[in-house]
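Biologist: I should like to understand the terms used for a structure that is new to me. Could you explain the grounds for each of them?

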Amino acid sequence: MQIFDAIIIGAGFSGLYQLHSLRDKLGLKVKVLEAGEGVGGTWYWNRYPGARCDTESKAYSYYFSKELYEEWNWSERYPTQPEIEKYLNFVTDQLNMRKEIQFNAQVTDLIFDENRHIWRVLLKNKEQYFAKFVISAVGCLSFANVPTIPNRDLFRGEVYHTGNWPKKNPNLKGKKIGVIGTGSTGIQVIPEVAKLAKKLIVFQRTPNYSVPANNYKLTEADQIRANEEFDKSKQLMLQHRGGHPWKHSNKAAKKTNPVERTKLYEKAWDNGGLSFRDTFSDLSVDLESNNTASNFIKDKIKSIVHDHHTADLLTDFDHPFGSKRPPIDTNYYETFNRKDVELINIRNNPIESFVSNGIKTSKQHYELDVMIFATGFDALTGTLLNMNIEGNNNIKLKNVWKSGPITNLGLLIPNFPNLFLITGPGSPAVLTNMPRAIEQHVEWISECIHFMITKNYQTIETTSKAADKWGNTVQDAVNDTFFLSAKHSWYLGGNIPNKPKVFIPYAGGLNKYRKLCDMVALAKYDEFIFTEEK
Ligand SMILES: Cc1cc2nc3c(=O)[nH]c(=O)nc-3n(C[C@H](O)[C@H](O)[C@H](O)COP(=O)(O)OP(=O)(O)OC[C@H]3O[C@@H](n4cnc5c(N)ncnc54)[C@H](O)[C@@H]3O)c2cc1C
């Protein structure tokens, strides 16, 4: 029986760096199991028209190696899906990692053998592997949420989910297309599909506040500057609560006079991108201040969209700005000025069922050739719970997490020894520029494993008491913000029927979180239980 030191599940940003760290820095025998046919994770699966990163390319890169950073040149301010997929393939080959990755390897079961202290890892094709450590790098946004609409079988058209887009791009030209969902993905796919469709019908439940991306091609001078600013950008990202390369504003919107405030919003709007939400320091904690941002965006939308009824629907917000993942866009609102694009409010006209040639809402019947679900993911827990994970005494993760995920620091789960989670529930994960959160986790996990090796420890486990304490910290952090006001938000499980409605990520900031994790390591992991090698 071949026993690996570590098995990593997933070959996206997380799995690749974890492989490099354990294999090349610690010299361990490691295998990566990946369900897809290639590396990339998110950027392997999300091939829909318009798929692109909202984080700027120079920040959406690995920073663990300056050489690697300098060897790659991004072509645009925000990279497209094909470019990020190419980048992750480049990293895989530069670090010679392909041979440790098994593709088409979907893990179905992880069973801990308490006597031998090893994990048995079962694949869909019935293969099995054994490992001392398992590291889940399965991603936070990787289990597609496909709404159950009755009579799907009756529909004679094509149905796609953006998170599982076919490798061979479907021909959408001249077709009647429906898109359900107006979150970050819908906002990217809608303008691109509109260019191809004969008619596009957008089914919207909740409008989102979107800010222009203001994308542009990068020049050689931009590349040189990005390389020169590597250390500075890294420092900025380490200090920023969301892992972004800019400073927090120290100005409160409420305390800024209205003329100056509007001037600053205009400047941020013209600059475009995610930094808009950092225009002022108090947008996520003070409702009066938040309203100034919401009203500014509302006015902008109304100035772009010609039809008053459509503009009203697009600004009928039910949550404060930033309490759901705030998207950025290229021509999203402008798209609704096209004669061949229609916006349907499914809040007061809900979808009832598919019919053979389209979809039926409570008020009308829409003819469609293609339906695109831009309905996101069962975020943060869905992919983990899609596997049967059994820890001590065959305790099942799906039972332990019945009322919501329980972890210590989002990294370890009581009763599941030697199972580490990268960007797991309870960590800042999706509230950040994720490569920074991923690097922090990979480095913490690798250091912890190194510590165990030097101490001759066989297993690490967190106590339920420590996990409960961390759960309270996560809830306290969110109570200081507006995140709980967005009832349908996927941060809260609000997009998935029957999912426990608890706020999942840690909202206290990646900078603060990193310090907390460092303190645990400095204290020699005293909150954790280790067993010694026999
Ligand atoms: C459309 C979209 C846009 C995004 N834009 C941004 C952005 O602008 N900025 C940002 O910071 N983040 C963004 N994200 C988040 C993005 O997921 C992360 O930035 C990052 O790519 C996550 O990397 P990962 O390796 O942790 O997970 P993923 O990239 O999700 O990779 C996980 C891998 O695990 C594999 N896997 C899962 N379950 C199994 C199993 N049971 N067996 C075997 N393999 C399995 C999957 O096939 C997948 O390849 C975006 C996400 C989406 C979906």
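Modeller: The discussion below takes the ligand and its surroundings before turning to two sheets. Please note that this is a predicted model.

Biologist: Which residues come nearest to the ligand, and what makes a residue count as near?

Modeller: A residue is near if one of its heavy atoms lies within 4 Å of the ligand. There are 37 residues around the ligand, of which Ser14, Glu34, Thr42, Asp54 and Tyr60 come nearest.

Biologist: What makes the pair formed by the side chain of Ser14 and the ligand a polar contact?

Modeller: An N or O atom in the side chain of Ser14 is 2.6 Å from an oxygen atom of the ligand. The cut-off for such a pair is 3.5 Å, so the pair qualifies as a polar contact. The backbone contributes as well: a polar backbone atom of Asp54 is 2.6 Å from an oxygen atom of the ligand, and a backbone N or O atom of Ala35 lies 3.1 Å from a nitrogen atom of the ligand. On its own the ligand has 970 Å² of accessible area, and the protein covers 96% of this.

Biologist: How is the shell around the ligand made up by class, and which helices supply at least two of its residues?

Modeller: The shell has 19 nonpolar, 15 polar and three charged residues. Helix 1 (13–25), helix 2 (42–45) and helix 14 (434–455) each supply at least two residues of the shell.

Biologist: Let us turn to the sheet with the order 7-16-8-9-12. Why do strand 7 and strand 12 stand at its edges?

Modeller: This open sheet has five strands, and the pairing is parallel. Strand 7 (158–161) and strand 12 (341–345) each have a single partner strand, so one side of each is without a neighbour in the sheet. Neighbouring strands here are turned by 20° against each other on average, direction ignored.

Biologist: How do you know that strand 7 and strand 16 pair?

Modeller: Pairing requires at least two bridges, and four bridges join strand 7 to strand 16 (residues 370–373), so the two strands pair. His161 stands opposite Phe373 in strand 16.

Biologist: Which helix lies across strands of this sheet, and at what angle to strand 9 does it run?

Modeller: Helix 5 (residues 184–196) lies across strand 8 (176–180), strand 9 (199–204), strand 12 and strand 16. The helix runs at about 160° to strand 9.

Biologist: What makes strand 13 and strand 14 paired strands?

Modeller: Strand 13 (residues 351–355) and strand 14 (residues 358–361) share four bridges where at least two are required, so they are paired, in the antiparallel sense. Ser353 stands opposite Lys360, and the bridge partner of Ile351 is Thr361. The two strands form a hairpin with two residues between them.

Biologist: Which strand does strand 14 join next in the order 13-14-15, and over how many bridges?

Modeller: Three bridges join strand 14 to strand 15, and these strands run antiparallel. Lys360 stands opposite His365 in strand 15, and three residues lie between the two strands of this hairpin. The sheet of three strands is open: strand 13 and strand 15 (365–367) each have a single partner strand, so they stand at the edges.

Methods
Residues are numbered from 1 along each chain as its sequence is written. This is a predicted model: local features need pLDDT of at least 70, side-chain atom pairs count only at pLDDT 80 or more; totals for chains, interfaces and linings use all residues. Side-chain values use heavy atoms; hydrogens and water are left out. A polar contact is a pair of N or O atoms within 3.5 Å; within protein, one must be able to donate a hydrogen and the other to accept it, and residues adjacent in sequence count only if both atoms are side-chain atoms. Accessible areas come from the Shrake-Rupley method with a 1.4 Å probe; for residues, only the protein chains shown count as cover. Ala, Val, Leu, Ile, Met, Phe, Trp, Tyr, Cys and Pro count as nonpolar, Asp, Glu, Lys and Arg as charged, and the others, Gly among them, as polar. Axes are lines fitted to C-alpha atoms, for helices over the stretch in contact, and angles run from 0 to 180 degrees between N-to-C directions. Contact means heavy atoms within 4.5 Å.
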